[in-house]
Amino acid sequence: MSKKFLLGLVIFIAVCLQNANAQTVYFNGLGRALVTTDQMKGNALTVNQGGVPKPDTLSGRRATGGYTIFDLGVNAQPNENLRASAILRIRNDFGGFYGNGSSVFFRQLRIDGVIAKIVKYEIGDIDLGLTPYTLYNFDESYHDYEADVFAIRRSIVNYENFNFGNKWRLQGAHANANFRFTKGIEKIGVRVFAARAGKKDVLDLVNPDRVNWGGRVDLVQSRFFHIGANYIQMLDLAGTVPVNSFEFDNKVGTVDFKVGYDNDQIGAFVYGEAGFSKYSFFKALNDTTVKKDGNFYDIGVSGEYKPLKIKVFASYRNVSDNFNSPGAQTRRIFDYGVPDLFPSIKGGPDANGVQGIRQVGLLDRISDESVRNLNIMPVLMAYRPEYNNITPYGTATPNRKGISFGASVGEMEKVVKGDVKVDLLSEVVGEGSTDTRKFTGVRGGLFFNINKLINWERALGINFGYRYEHTKRDGGNQIDLKSSLLDAGINVEVVKSFDLIAGYKMLSAKGNEYILVRNEFNTLVTPVQAYSDVDQPNTILSQGFNQGLLAAGIRYRFTKNTYFTGQAVFYNNKSKLQTSLGDFDYKINQIFLNYTMVF
């Protein structure tokens, strides 16, 4: 189907519907123009030739890219019980003229409605989520106190990858109903859904269709007590390919609750979730079936003093090493993905010119759309421990036990908002050793709206965030890894709607740890040494790891959702790793321009 025909068809249908009934069709959408120009410097652009460092003449040093997109949302609602919606995307990559290099396609198709004024349903491209242990698209990057200059970049990547909160964008059907009562209980809610686990090529004749289905029943007695039951199953559909070379089946069932007291002054609650998982993987090649059973419980207490906006909490969790919940444990970012920007480099002055992949860093994690994962994965994905070693798979990370506690004060709309959280966890069983890792984590931050303190009519705010992690293991295979992430930013409204914005991030790590890799049966294979302060053969050597990201620029807000921003970005990666894995000393300087319009 040609682009012109597709676009004409959408416009024709919209016009016909609009003429039929002016009250049944409405439009929304987003337009964006984005351009970056980039330059790389550093010893990553040198190679070792005969013991002499020489310039690398093959790796790229400069790049310019970007695109213009327009997402047109067409919503047809013939009555209050039915609505059909579609988002048509028109995209033209930077460098395309007169339609050359442009594309037209549907970004979203959805039908939703109400049956008998009780059951609400959605069919098509839908967003699904349950609890942190069942179906939950967690974000492993700590950015609760991120500067606006970085939050703008992250919001673009989130939009492009359908990362709306902690829900997964899936293709399927979802229905829910609430039954309200006048006595005894407030309501009973019921939800059911079925959806693909991710994208699948229609020509794929090897991998069977994989689906997630499940639901939730929750009983709300009042604001003082509720209890819910959740179930989700991820499985391969036999018969969807000529030969079933493997079959996967994973079931998770949980119960969650919250009970306590609440009034205008104080609130105090006990809450928690507990459940089980059953994992099965069959491989026809060697007629092998692996089965694992897991379980967990997570119990906590919280308190709030509302006049001062003070909240405190403490919890204890125990998640077994065999607890498998793909919908809650799948990572959002490919730590070992290939970045779009300067993806391959030759290696540093001690390398011999073997082509290497530049690993995903701080800049890529907030700005690269291609390193995000859109599919729910049956196997725990490999991760880089310096970014998050305590809960790399979210709250549902298996093989963890221990306490977490913290406190918060204030609100974003007030003068100050701040919080702190402490994790004191350990492994349930040792991985790669009979000894277990111990984890200590501290994170927190502060938003300070100076303008509210001095009663200034324009915005003036600063933010500061910090995360510290320490992983330690004694015994024969000792581990001692420390990492820290610092965030700082400022936002100054110099004239109405015109802001000066700046921010700084720094990630540093030092010590030794292992990269934990799993096979197709989700079983841990031989760990690989990831960092070492000691010169050992056949290991990746590191005397320190540091990434710094500095950005400053302007933002003009035409409306709440329409703005222009221009930024200068300076990214510095320093590491003693000198291998084909691609961690070297290098710098990337970038100019970033973006205009976004939402209507």
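Which residue is the bridge partner of K417 in strand 20? The points below address this and related features of the model, which is predicted.

1. The bridge partner of K417 in strand 20 is F447. Strand 20 pairs in the antiparallel sense with strand 19, which covers residues 416–426, and 11 bridges are found between them.

2. Strand 20 also pairs with strand 21 (residues 460–473), again in the antiparallel sense, over 12 bridges. Within this pairing, F439 has T471 of strand 21 as its bridge partner.

3. N449 belongs to strand 20, which runs over residues 438–449. With a relative accessible area of 15%, N449 is buried, because the value is under the 20% cut-off.

4. The side chain of N449 has a polar partner in the backbone oxygen of K414, which it reaches at 2.6 Å. Beyond its neighbours within four places in sequence, N449 is in contact with M412, K414, V415, L460 and G461. K414 therefore appears both in this contact list and, as the bearer of the backbone oxygen, in the polar contact, since 2.6 Å lies within the 3.5 Å cut-off.

5. A separate site concerns S280, a residue of strand 13 (residues 266–283). When neighbours within four places in sequence are left aside, the contacts of S280 are E247, F248, D249, T289, V290 and K291.

6. One of these contacts, E247, stands 33 residues from S280 along the chain. The C-alpha atoms of S280 and E247 are separated by 8.1 Å, while the two residues are in contact through heavy atoms within 4.5 Å.

Definitions and conventions:
Residues are numbered from 1 along each chain as its sequence is written. This is a predicted model: local features need pLDDT of at least 70, side-chain atom pairs count only at pLDDT 80 or more; totals for chains, interfaces and linings use all residues. Side-chain values use heavy atoms; hydrogens and water are left out. Helices (H or I, at least four residues) and strands (E, at least two) are DSSP runs, numbered from the N terminus. Buried means under 20% relative accessible area, exposed over 50%, partly exposed in between (1.4 Å probe, protein chains only). A polar contact is a pair of N or O atoms within 3.5 Å; within protein, one must be able to donate a hydrogen and the other to accept it, and residues adjacent in sequence count only if both atoms are side-chain atoms. Two strands pair if DSSP finds at least two bridges between them.
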